[in-house]
Amino acid sequence: RRVAVHRDDLLIMTMVPGDRGLEFVPFMENPIIAVARPDHPLAGRGQLALQELTSCPLLLREPGSATRAVTEEYCHQKRAHFARTLEIGSLEAQLEGVIAGLGLALLPRHAVRRELASGELVELPVAELPLRRSWCVVHARDKQLTPVAQAFFEFVCRERGWIGALTDRFPPQGQ
């Protein structure tokens, strides 16, 4: 809404609404993975089905979170219905809740890379994951961008391959 009413020149988002006259360019993958504590009963079990996670509590972001919306829609499509959920108000709190043993979470790999590297969390090997999403730079088609915003948008368009290659710095666990 902010970009559609010309309040902002550019936004970076993963869920770009299709009905608002927006121009967007995807520039970096934002894979969503399942994470748990290393001592969680599902950790170390080998390949899992998404359905197997539904017996565990799932930590969710607040309504309006793009990650929550994407993961809820995906789980609904896969008929993976979590009986117990706990709503948490920020990604950082969600991450800390998983570390504290409150349940599992479906989080962007970039957001948990340090915890995966340190061993505080593990990525669960779920057959239906990662959920592939992209970060996009977005602006209203009818907005005259400022020179700086235009230069940034053109930079992202021109260099998105290089920017996307930055994801190689965050390899999946075990690679």
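Let's start with a term: a residue is called buried under 20% relative accessible area, exposed over 50%, and partly exposed in between, using a 1.4 Å probe and protein chains only. By that yardstick Cys 157, at 31% relative accessibility, is partly exposed, while Cys 136, at 5%, is buried. Keep those two cysteines in mind, as we'll come back to them.

Before going further, some ground rules. This is a predicted model, where local features need pLDDT of at least 70, side-chain atom pairs count only at pLDDT 80 or more, and totals for chains, interfaces and linings use all residues. Residues are numbered from 1 along each chain as its sequence is written, and side-chain values use heavy atoms, with hydrogens and water left out.

Now the overall picture. The protein has five helices and eight strands, where helices (H or I, at least four residues) and strands (E, at least two) are DSSP runs numbered from the N terminus. Along the sequence they follow the pattern β-β-β-α-β-α-β-α-β-α-β-β-α. Taken along the principal axes, the C-alpha atoms fill a box of roughly 55 × 30 × 25 Å. Of the 175 residues, 43% are buried. Contacts here mean heavy atoms within 4.5 Å, and among those between residues at least 6 apart in sequence, 80% join residues at least 24 apart.

The strands sort into two open sheets, so take the five-stranded one to begin with. Its order is β5-β4-β6-β3-β7, with mixed pairing; two strands count as paired if DSSP finds at least two bridges between them. At the edges stand β5 (85-87) and β7 (122-123), each with a single partner, so one side of each has no neighbour in the sheet. Further in, β4 (residues 58-60) and β6 (residues 104-108) run parallel and are joined by two bridges, and Leu 59 sits opposite Ala 105 in β6.

Two helices pack on this sheet. Helix α2 (residues 66-77) touches β3 (32-36), β4, β5 and β6, and its direction makes about 115° with that of β6. Helix α3 (residues 91-99) touches β3, β4 and β6, at about 140° to β6. For these angles, axes are lines fitted to C-alpha atoms, for helices over the stretch in contact, and the values run from 0 to 180 degrees between N-to-C directions. Which residues of α3 are buried? They are Leu 91, Gln 94, Leu 95, Gly 97, Val 98 and Ile 99, and they pack against β3, β4, β6 and α4 (113-118). Just after α3, Gly 101 takes a positive phi of about 90°.

What about the nonpolar cores? A nonpolar core is a set of buried Ala, Val, Leu, Ile, Met, Phe, Trp, Tyr and Cys residues joined through side-chain atoms within 4.5 Å. The largest has 23 residues, and those with the most contacts inside it are Leu 50, Leu 53, Leu 124, Val 126 and Leu 129. The elements giving two or more residues to this core are β3, α1 (50-53), β4, α2 and β6. Apart from it lies another core of 13 residues, among them Leu 59, Leu 91, Leu 95 and Leu 121. Back in the largest core, Leu 50 touches residues including Tyr 74, Cys 75, Val 126 and Leu 129, leaving out those up to four places away in sequence.

Over to the three-stranded sheet. This one runs β1-β8-β2 with antiparallel pairing, and its edge strands, β1 (11-13) and β2 (22-29), each pair on one side only. The twist averages 30° from one strand to the next. Seven bridges join β2 to β8 (residues 134-140), with Glu 23 standing opposite His 139 in β8. Helix α5 (residues 147-165) packs on this sheet, touching β2 and β8, and its direction makes about 25° with that of β2.

Phe 27 in strand β2 is a handy spot to see this packing, being buried with a relative accessible area of 11%. Leaving aside neighbours within four places in sequence, Phe 27 is in contact with residues including Ile 12, Cys 136, Val 156 and Ile 163. The C-alpha atoms of Phe 27 and Cys 157 are separated by 7.7 Å, though the two residues are 130 apart along the chain.

That brings us back to the cysteines. A disulfide is a pair of cysteine sulfur atoms within 2.5 Å, and the structure holds zero of them. Why is Cys 157 not bonded to Cys 136? Because the closest cysteine sulfur to that of Cys 157, in Cys 136, is 11 Å away, too far for a bond.
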